[in-house]
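Q: I would like a close look at one part of this model, with its surroundings added afterwards. Please keep it plain.

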Amino acid sequence: MPPTLHGAAPHYPGGLHQVGDGVFAWLQPNGDWGEANAGLVVGAGASAVIDTLWDQRLAREMLGAMATHLAGAPIDLAVNTHSDGDHWWGNAELPAATEIVTSTPSFAAMLAESSPAELGRLGAMGRRVAPVPGPVGAMGRYVGSMLAPFALGDVQLRLPSRTFSGTSRETVGGRALELTVVGPAHTPGDLVVHVPDAGVVFAADILFVDCTPVMWVGPVEGWIAALDTILGLDADTFVPGHGPVTDRAGVQAVRDYWEWLRAIIAREHAAGRSPLDAARAAVRDDSFTPFRGWVRPERMLISVTTIHKALSGEGPIGHSPVTRGRLFADVAKLGRELEAAR
Ligand SMILES: [Zn+2]
């Protein structure tokens, strides 16, 4: 198997995998930063694509691999599951006639996100300051390598053409796709796609499998409720936003992670610990064992910060480059500590 986008040995095969009758998952192992999954549902004479990856080169490669299935069934509909660029910045590669749908809060968040050019410049800046000693260099190395595999500077943004709130039942080539807004959780407007006739759910970033989830917005209670919504659907196959395809036990494992983290951070917050010290306590605890092997354990600090801020009555993590830069410096620090403790 070829190496992952980040140059690691893959834990499972990437590419197009059939997960149901005419239903496919496009996987980018190992679910590290930007290694996002997508999906395809092929109906009679028309298809739907779920998410379009972080840059147009990756989207082109994916659509090329889907071409044999699309020959008699062009893409009538694309769904963007949420506002993070690694799930929709490939939209410009879709046919001009494709209708693109997302949730109303995701659309608003897409407009508020940093642009591809800004993020591309942040990556270049990170690589430039990487040799600087101390937290600036640490942040630079981390953010620089996180963004390095992606051609963000070349991305032409194409926004969704339609939004909805609550639920939306779409029909594509005679097949039903049930879209349900389950956010805010990972981002402000997360949605999941259920394909009832195949028993498949595209859960996007409500599910991270064998890789550490990232909660930018929360609340954690909302994410747990979203997982319960997914478990309530008539389905046995779940395609995560990052990581390999899973079953109901895989959904439950993410639920267990949030219950565990919520309890431990509540304890550490009550003891007056900072988010970084709370995360350090969490990874030192024996109860961390089931989650220790997940890719990028240090991403926990982002979720810890979100939970910590909610417990302090504060809003979610801000968008400013200074705020995010400081946070990533600490994420990198926790990553080094975890590496050293291995
Ligand atoms: Zn993602």
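How close do the axes of helix 8 and helix 9 come, and at roughly what angle do they cross?

A: This is a predicted model. In it, helix 8 spans residues 300–311 and helix 9 spans residues 321–341. Their axes come within 9 Å and cross at roughly 125 degrees. Angles of 65 to 115 degrees count as roughly perpendicular and those over 145 as roughly antiparallel, so helix 8 is oblique to helix 9.

On the helix 8 side, the contact is made by Leu301, Ile302 and Thr305. Helix 9 contributes Leu327, Phe328, Asp330, Val331 and Leu334. Sorted by class, six residues of this contact are nonpolar, one is polar and one is charged.

Helix 9 also takes part in the largest pocket, where it supplies four residues, the largest share of the lining. At least two lining residues each come from helix 2, helix 3 (116–129), helix 4 (135–147), strand 11 (200–208) and helix 9. The pocket holds about 770 Å³ of space. Its lining consists of 35 residues, and those nearest the centre are Asp84, Glu113, Leu119, Trp216 and Arg324. By class, the lining has 19 nonpolar, nine polar and seven charged residues.

Helix 2, one of the contributors to that lining, leads to the sheet. Seven strands form this open sheet, in the order 1-2-3-4-5-6-7, with mixed pairing. Strand 1 (15–20) and strand 7 (162–164) are the edge strands, each pairing on one side only. On average, neighbouring strands of the sheet are turned by 25 degrees against each other, direction ignored.

At the strand 7 edge, the partner is strand 6 (residues 99–103), and the two pair in the parallel sense over three bridges. Within this pairing, threonine 102 has threonine 163 of strand 7 as its bridge partner. Helix 2 (residues 104–112) packs on the sheet, touching strand 6 and strand 7, and its direction makes about 100 degrees with that of strand 6. Helix 1 (residues 56–70) packs on the sheet too, where it touches strand 1, strand 2 (23–27), strand 3 (38–42), strand 4 (47–50) and strand 5 (75–79). The direction of helix 1 makes about 15 degrees with that of strand 3.

Strand 3 and strand 11 reappear at an enclosed space. The structure holds one cavity of 30 Å³ or more, and about 60 Å³ of space lies in the largest cavity. Strand 3, strand 11 and strand 12 (237–242) each supply at least two residues of its lining. The largest share, three residues, comes from strand 12. The residues lining this cavity are Asn37, Ala38, Gly39, Ile50, Asp51, Thr81, Phe202, Ala204, Val239, Pro240 and Gly241. In terms of class, six of them are nonpolar, four polar and one charged.

Leading up to strand 12 is a loop from helix 5 (220–231), and leucine 233 lies in that loop. Neighbours within four places in sequence aside, leucine 233 is in contact with His194, Val201 and Arg248. The C-alpha atom of leucine 233 is separated by 24 Å from that of threonine 52, a residue 181 residues apart from leucine 233 along the chain.

Definitions and conventions: Residues numbered from 1 in each chain as written. Predicted model: local features only at pLDDT ≥ 70, side-chain atom pairs only at ≥ 80, totals over all residues. Heavy atoms only, no water. Pairing = 2+ DSSP bridges. Axes fitted to C-alpha atoms, helices over the stretch in contact; angles between N-to-C directions. Contact = heavy atoms within 4.5 Å. Parallel < 35°, antiparallel > 145°, perpendicular 65-115°, else oblique. Nonpolar A, V, L, I, M, F, W, Y, C, P; charged D, E, K, R; others polar. 1 Å grid on protein atoms, 1.4 Å probe; cavity = no way out; pocket = protein on both sides within 12 Å on 5 of 7 lines; lining within 4 Å. Points joined across faces, edges and corners; volume = space filled by probe spheres on them.
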